[in-house]
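This report concerns a single protein chain and is written for a reader who has its sequence and coordinates at hand.

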Amino acid sequence: MAAADKAKPSKTMLSLPVSVVVLAIAYIYFSTVFVFIDRWLGLFSSPGIMNAAVFSALAAACALTYRAAISTDPGRVPATYMPDVEDAESPIHEIKRKGGDLRYCQKCSHYKPPRAHHCRVCKRCVLRMDHHCIWINNCVGHANYKVFFIFVLYAVIACIYSLVLLVGSLASDSIQDEEKNGRSSFRTVYVVSGLLLVPLSIALCVLLGWHIYLILHNKTTIEYHEGVRALWLAEKGGSIYKHPYDLGPYENLTFVLGPNILSWLWPTANHIGSGLRYRTIYDLPKGASTSK
């Protein structure tokens, strides 16, 4: 992909939802370190220092991957792109549902590569588009899908970790309050944190589980919904539908996270290619299984 195609989105990265996420990250970090850990373990005790260091590393990972998900362009279709229908190495050319023509974007005035879709918010076509996410003020697509997924993973771990520390701190505070016959001065922090962390943890766990499913089947959110319809039409016609990009769980996993397992949790994307062509089940050797 050309350098221009990897450029950052031209729109303003800061929006109200992004500001809410940044404030939430900051609040959870400071309440966890300076209230939960400090009240329960003591910030300068050995367990306190260890937990504060681990949680700080998690918070830094969240901030780093969140910033990358926002600033990384999900993938632009080159203005010169033209599908080559005679290319023997490209056995799949996606066509329109009606008419059977090659997919062409009337708004962008160019052909769409496989798995590309037009985003009404970004007002352009996005390579391997998954969805437009208001929480990163950006599309999730070919170039930033991995970093988006890693951000969600780190956020889930951080939220659950913070919840455990909240419960421990609250239990410790309750015992101390009974001994002193008083009320905790941090009661408001506990209530606000609980109201924030519980629904956030549930929502993020559901989102993480959804994207793990998509990764293991090499689908995007858009392709999942299209696949439901394609499966119904195939069954109606008495045929069998198989997602053409599903190469098997391990191949699908390395497609998104990379071939080097040591870099799976690091926001690198040197392995993703141009985003104009993807391996399919038709590229596999005859007789090869996709259920590794």
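The paragraphs below treat overall composition, one helix pair, annotated segments and selected backbone features.

**Overall composition**

The model discussed here is predicted. The protein contains six helices and six strands. Read from the N terminus, its elements follow the order α-α-β-β-β-β-β-β-α-α-α-α. Of the 292 residues in the protein, 43% are buried. When contacts between residues at least 6 apart in sequence are considered, 67% of them join residues at least 24 apart. The exposed surface of the protein is about 16100 Å², and carbon and sulfur atoms supply 64% of it.

**The pair α1 and α2**

Two packed helices are described by the angle between their axes and the distance between the axes. For helix α1 (residues 16-40) and helix α2 (residues 46-71), the angle is about 175° and the axes are 10 Å apart. Angles over 145 degrees count as roughly antiparallel, and α1 and α2 are therefore roughly antiparallel to each other. On the α1 side, the residues that meet α2 are Val18, Val21, Val22, Ile28, Tyr29, Thr32, Val33 and Ile37. Their counterparts in α2 are Gly48, Asn51, Ala52, Phe55, Ser56, Ala59, Tyr66 and Ile70. By class, the residues of this contact between α1 and α2 comprise 12 nonpolar, four polar and no charged.

**Annotated segments**

The unreviewed UniProt entry assigns the annotation "transmembrane region" to residues 12-37, 49-66, 147-170 and 190-216. Two of these segments are compared with the model in the table.

| Segment | Helix | Strand | Distance between end C-alpha atoms |
|---|---|---|---|
| Residues 49-66 | 100% | 0% | 25 Å |
| Residues 190-216 | 100% | 0% | 38 Å |

**Positive phi values**

Which backbone angle is positive in Arg115, although it is not a glycine? It is phi, at about 75°. Arg115 is placed in the loop between β2 (110-111) and β3 (117-119), and with a relative accessible area of 1% it is buried. Arg128, likewise a residue other than glycine, has a positive phi near 40°. The loop between β4 (124-126) and β5 (131-133) holds Arg128. Because residues under 20% relative accessible area count as buried, Arg128 falls in that class at 3% relative accessibility.

A glycine with positive phi is found just after α6: Gly258, at about 105°. Within helix α6 (residues 249-257) itself, the buried residues are Asn252, Thr254, Val256 and Leu257.

Note on methods
Residues are numbered from 1 along each chain as its sequence is written. This is a predicted model: local features need pLDDT of at least 70, side-chain atom pairs count only at pLDDT 80 or more; totals for chains, interfaces and linings use all residues. Side-chain values use heavy atoms; hydrogens and water are left out. Axes are lines fitted to C-alpha atoms, for helices over the stretch in contact, and angles run from 0 to 180 degrees between N-to-C directions. Helices (H or I, at least four residues) and strands (E, at least two) are DSSP runs, numbered from the N terminus. Angles under 35 degrees count as roughly parallel, over 145 as roughly antiparallel, 65 to 115 as roughly perpendicular and the rest as oblique. Contact means heavy atoms within 4.5 Å. Ala, Val, Leu, Ile, Met, Phe, Trp, Tyr, Cys and Pro count as nonpolar, Asp, Glu, Lys and Arg as charged, and the others, Gly among them, as polar. Buried means under 20% relative accessible area, exposed over 50%, partly exposed in between (1.4 Å probe, protein chains only). Accessible areas come from the Shrake-Rupley method with a 1.4 Å probe; for residues, only the protein chains shown count as cover. UniProt positions are given in the numbering used here, feature names are shortened, and annotations may be inferred rather than shown by experiment.
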